[in-house]
Amino acid sequence: MQVTTMFELYGHPFVQCVAISEAFRINSQMQDDACFIYVQQGVEEVLSPSEKIRVSDNEAILMKCGNYIANVIGASPISEFKSVVFHLDPKAIKKAFGNRELDFLRVGNIHEVRGSALKIAPNQLLESFMTSIINYLENPELVTESLLAVKLQELVLILCENGKNMLASQIIGTLYTPAEIEFEKVVEGNLYNKLSIGELAMFTNRSESTFKRDFKKWYHVSPARYFKKKKLDKAVEFLKTTNHQISEIAWNCGFENAAHFSASFHDRFGKSPKQYRVDLN
C-alpha cells in the first residue's frame, strides 16, 4: 500500500491518497480513528462485526470507531486501486465549525445508532467536493490549514445533508462511542464471509481462545462444526432452488473452492453436490 499525499489538520492526520497495486487484506482495529473512504478506482469490501459493504468507483463508506476487515479486490500494477481516506476527529470537527454546537449531530440514545458503517452512493455534491480535494492533493502548495478546515466543514455537511441523513449524523455524532457488539449477531452476520476464528474473535473484542470457549457455551458445538453445518445447509438450499454452477454455490456459501465444498458435502450427505441435484429431479 502506498500513501502518495497526506495533509494534517490541527496536528492530526486529515486526508490522504492511497494507491494499491495488488490484492490486499487488512484487519483494522480503529479505536481512535474513525474515517471516510472514497473509492476513485477499484473495488473494496469492508466487513464490520455485523455486515459487509462493497464499494467501487465513485462510491464511499463512512465508518465510526470499531473493528473492520478491508479487502481490496482485483488490484494490479496495471489496474491500481485508488482511494482518498479522511480521518475524522470529533475535536477537529468542532474546531472547524468554530466550537459551536451542531444540532444535527446530537443523538439522544446511542443505542439507537443502527450501524457502525454506512455506504454513500455517488452524488453530484460529493463528486464535486472530491474533485476539489484531489486537485489540492495534487497541488499541495495551494493548501492552508484554514482551507482544510473549510473542506472538513463541507464534508460533514455533505454527508449529513444538513441533518437530513439521520444515520450519517448519528455515526458522525458518535464517532468514538464504542458500539455494543452482540456475540450472536457477529456469528450469524458472518456465516458465509470466509473469516478466520481470529477475525471473528477480533469483531467480538475477545481473544481467540476466549471466543472459542464462549462459542461452545453459546452454541454447544465448536465453531468449525457449526459453520460447516450452516454452509452446507445453505448449499442444499441453493441446489434445490437455483441453477447456479457448483463453483458459484461453493463461493456463495463461504467455501474456499469447489473441491473443498464437494468433499465436505460428500462427507455429510454421502454424494456429490452434482449427484444430489440430479437425484432431486
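This briefing walks through the fold, two helix pairs and a handful of individual residues. The model is a predicted one. Its protein chain holds 11 helices and 10 strands, and 45% of the 281 residues are buried. Helix 2 with helix 3, and helix 8 with helix 10, are the two helix pairs described here, one roughly antiparallel and the other roughly perpendicular.

**The chain as a whole**

- Along the principal axes, the C-alpha atoms of the protein chain fill a box of roughly 70 × 45 × 35 Å.
- The protein chain exposes about 14800 Å², and 49% of that area comes from carbon and sulfur atoms.
- Among contacts with a separation of 6 or more, 70% join residues that are 24 or more positions apart.

**Helix 2 and helix 3**

- Two packed helices are described by the angle between their axes and the distance between the axes.
- For helix 2 (residues 124-138) and helix 3 (residues 145-160), the angle is about 160 degrees and the axes are 10 Å apart.
- Angles over 145 degrees count as roughly antiparallel, so helix 2 and helix 3 fall in that class.
- The crossing of helix 2 past helix 3 is left-handed.
- Helix 2 brings Leu125, Leu126, Phe129, Ser132, Ile133 and Tyr136 to the contact, where they meet Leu147, Lys151, Glu154, Leu155 and Ile158 of helix 3.
- Sorted by class, this contact of helix 2 with helix 3 has 8 nonpolar, 1 polar and 2 charged residues.

**Helix 4, a mostly covered helix**

- How many residues of helix 4 are buried? In this helix, which spans residues 166-173, 6 of the 8 residues are buried, leaving the helix mostly covered.
- Those buried residues are Leu167, Ala168, Ser169, Gln170, Ile171 and Ile172.
- Their packing partners are strand 7 (60-63), helix 1 (90-96), strand 10 (117-120) and helix 3. Helix 3 thus appears in two of these topics, as a partner of helix 2 and of the buried residues of helix 4.

**Helix 8 and helix 10**

- The axes of helix 8 (223-241) and helix 10 (residues 258-269) come within 11 Å and cross at roughly 95 degrees.
- Angles of 65 to 115 degrees count as roughly perpendicular, and that is therefore how helix 8 sits relative to helix 10.
- On the helix 8 side the contact involves Lys228, Lys229, Leu232, Asp233, Ala235, Val236 and Leu239, which meet Phe261, Ser264, Phe265, Arg268 and Phe269 in helix 10.
- The residues of this contact of helix 8 with helix 10 divide into 7 nonpolar, 1 polar and 4 charged.
- Is Ser264, in helix 10, buried or exposed? Ser264 counts as buried, because its relative accessibility is 4% and the cut-off for buried is under 20%.
- Setting aside residues up to four places away in sequence, Ser264 touches Lys228, Leu232 and Phe255. Of these partners, Lys228 and Leu232 are also listed among the helix 8 residues that meet helix 10.

**Buried leucines and their distant partners**

- Leu88 lies in strand 9 (residues 81-88) and is buried, with a relative accessible area of 2%.
- Leu88 and Phe36 are 52 residues apart in sequence, while their C-alpha atoms are 7.3 Å apart in space.
- Leu195 belongs to the loop between helix 5 (183-189) and helix 6 (197-203). With a relative accessible area of 15%, this loop residue is buried.
- Which residues does Leu195 contact, leaving aside its neighbours within four places in sequence? They are Arg25, Leu47, Ile69, Asn190, Leu200 and Phe203.
- Between Leu195 and Ser50, the C-alpha separation is 12 Å, and the two residues are 145 residues apart along the chain.

**Positive phi outside glycine**

- Tyr10 is found in the loop between strand 1 (2-9) and strand 2 (12-20). Its phi is near 55 degrees, a positive value in a residue other than glycine.
- His220 also has a positive phi, near 60 degrees, and lies in the loop between helix 7 (208-219) and helix 8.
- His220 is exposed, because its relative accessible area is 66% and the cut-off for exposed is over 50%.

Key: Residues numbered from 1 in each chain as written. Predicted model: local features only at pLDDT ≥ 70, side-chain atom pairs only at ≥ 80, totals over all residues. Heavy atoms only, no water. Axes fitted to C-alpha atoms, helices over the stretch in contact; angles between N-to-C directions. Helix = DSSP H or I, 4+ residues; strand = E, 2+ residues; numbered from the N terminus. Parallel < 35°, antiparallel > 145°, perpendicular 65-115°, else oblique. Left-handed = near helix turned anticlockwise from the far one by under 90°. Contact = heavy atoms within 4.5 Å. Nonpolar A, V, L, I, M, F, W, Y, C, P; charged D, E, K, R; others polar. Buried < 20%, exposed > 50% of the residue type's maximum accessible area, 1.4 Å probe, protein only. Areas by Shrake-Rupley, 256 points an atom, 1.4 Å probe, with all protein chains shown as cover.
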